[in-house]
Amino acid sequence: MTQELIQLTNQLLIKVAEAEEIYRQAREEEKTFDFYQDVKPYADEVKKMADRWAVLAGDWQKEAKPRLISPLQIQNTHNNLLQVSVHCHIPQSSKSRFVKHCHAAAFVLEQVKREI
């Protein structure tokens, strides 16, 4: 379980960085994305990973009782990951809000990594 959690945490950190890059390029190039070709497959992939991560992180949190990670943070990180995976394809969305969601998700993912 712990090994899978570490692996998913690392993969999700990569996905957050990818999402930031997709968003940056989309804004610079004023790019539009096809929902069924671009957005949905990416969001579904992140959702699958985030759903599994939330279960594993929740179980780990109950078992290990880390000082700096609460169940609410795990839930909020899950929600942030889902939002980021969709909003990175919408360059018209608020940049500051998008960046805050990315940083919040990355922060908790890094904290989980450190605490394991």
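## A tour from the cavity outward

The search for enclosed space returns 1 cavity of 30 Å³ or more. A cavity here is a set of points, on a 1 Å grid over the protein atoms alone, where a 1.4 Å probe fits but cannot get out. Grid points are joined across faces, edges and corners, and a volume is the space filled by probe spheres set on the points.

Before selecting anything, note that this is a predicted model: local features need pLDDT of at least 70, side-chain atom pairs count only at pLDDT 80 or more, and totals for chains, interfaces and linings use all residues. Residues are numbered from 1 along each chain as its sequence is written, and side-chain values use heavy atoms, with hydrogens and water left out.

**Stop 1: the cavity**

Select K15, V16, A19, Y42, V46, L81, V84 and S85, which line the largest cavity. Lining residues have an atom within 4 Å of a point. Colour by element next: helix 1, helix 2 (35–64) and helix 3 (71–87) each give two or more residues to this lining. Helices are DSSP runs (H or I, at least four residues), numbered from the N terminus. The volume of the largest cavity is about 40 Å³.

What is the lining like by class? It has 6 nonpolar, 1 polar and 1 charged residues. For this count Ala, Val, Leu, Ile, Met, Phe, Trp, Tyr, Cys and Pro are nonpolar, Asp, Glu, Lys and Arg are charged, and the others, Gly among them, are polar.

**Stop 2: aromatic pairs**

The whole structure holds 2 aromatic pairs. Rings of Phe, Tyr and Trp (its six-membered ring) pair if their centres lie within 6.5 Å; planes under 30 degrees apart are stacked, over 60 edge-to-face, and the rest tilted.

Show Y23 and F98. Their ring centres are 4.2 Å apart and their planes stand at 20 degrees, so this pair is stacked. Y23 belongs to helix 1 (residues 2–29) and F98 to helix 4 (residues 95–115), so the pair ties together parts that are 75 residues apart in sequence. Both Y23 and F98 are buried. The cut-offs on relative accessible area are: buried under 20%, exposed over 50%, partly exposed in between (1.4 Å probe, protein chains only).

Now move to F35 and Y36. Here the ring centres lie 5.0 Å apart with the planes at 90 degrees, so the pair is edge-to-face. F35 is partly exposed at 44% relative accessibility. Y36 is exposed, with a relative accessible area of 63%.

**Stop 3: two loop residues with positive phi**

Most residues other than glycine have a negative phi. Check the backbone at E30, which is not a glycine yet has a positive phi of about 50 degrees. E30 sits in the loop between helix 1 and helix 2. Its relative accessibility is 70%, so E30 counts as exposed.

Go on to K65. Its phi is also positive, near 50 degrees, in a residue other than glycine. K65 sits in the loop between helix 2 and helix 3. At 63% relative accessibility, K65 is exposed.

**Stop 4: the cysteines**

How many disulfides are there? The count is 0, where a disulfide is a pair of cysteine sulfur atoms within 2.5 Å. Select C88 and C102. C88 is in no disulfide, and the nearest cysteine sulfur, that of C102, is 7.9 Å away. Why is there no bond from C102? Its closest cysteine sulfur, in C88, is 7.9 Å off, which is too far for a bond. C88 is buried at 0% relative accessibility. C102 is buried too, with a relative accessible area of 1%.

**Stop 5: H101**

Centre on H101 in helix 4. Buried or exposed? At 16% relative accessibility, H101 counts as buried. Follow its side chain to the backbone oxygen of R97, reached at 3.0 Å. A polar contact is a pair of N or O atoms within 3.5 Å; within protein, one must be able to donate a hydrogen and the other to accept it, and residues adjacent in sequence count only if both atoms are side-chain atoms.

**Stop 6: two distances to draw**

Pick A57 in helix 2. A57 is buried, with a relative accessible area of 0%. Draw a line from its C-alpha to that of L12: the two are 45 residues apart along the chain and separated by 13 Å.

Finish at L13, in helix 1. L13 is buried, with a relative accessible area of 15%. Its C-alpha lies 19 Å from that of K40, and the two residues are 27 residues apart in sequence.

Key:
1 Å grid on protein atoms, 1.4 Å probe; cavity = no way out; pocket = protein on both sides within 12 Å on 5 of 7 lines; lining within 4 Å.
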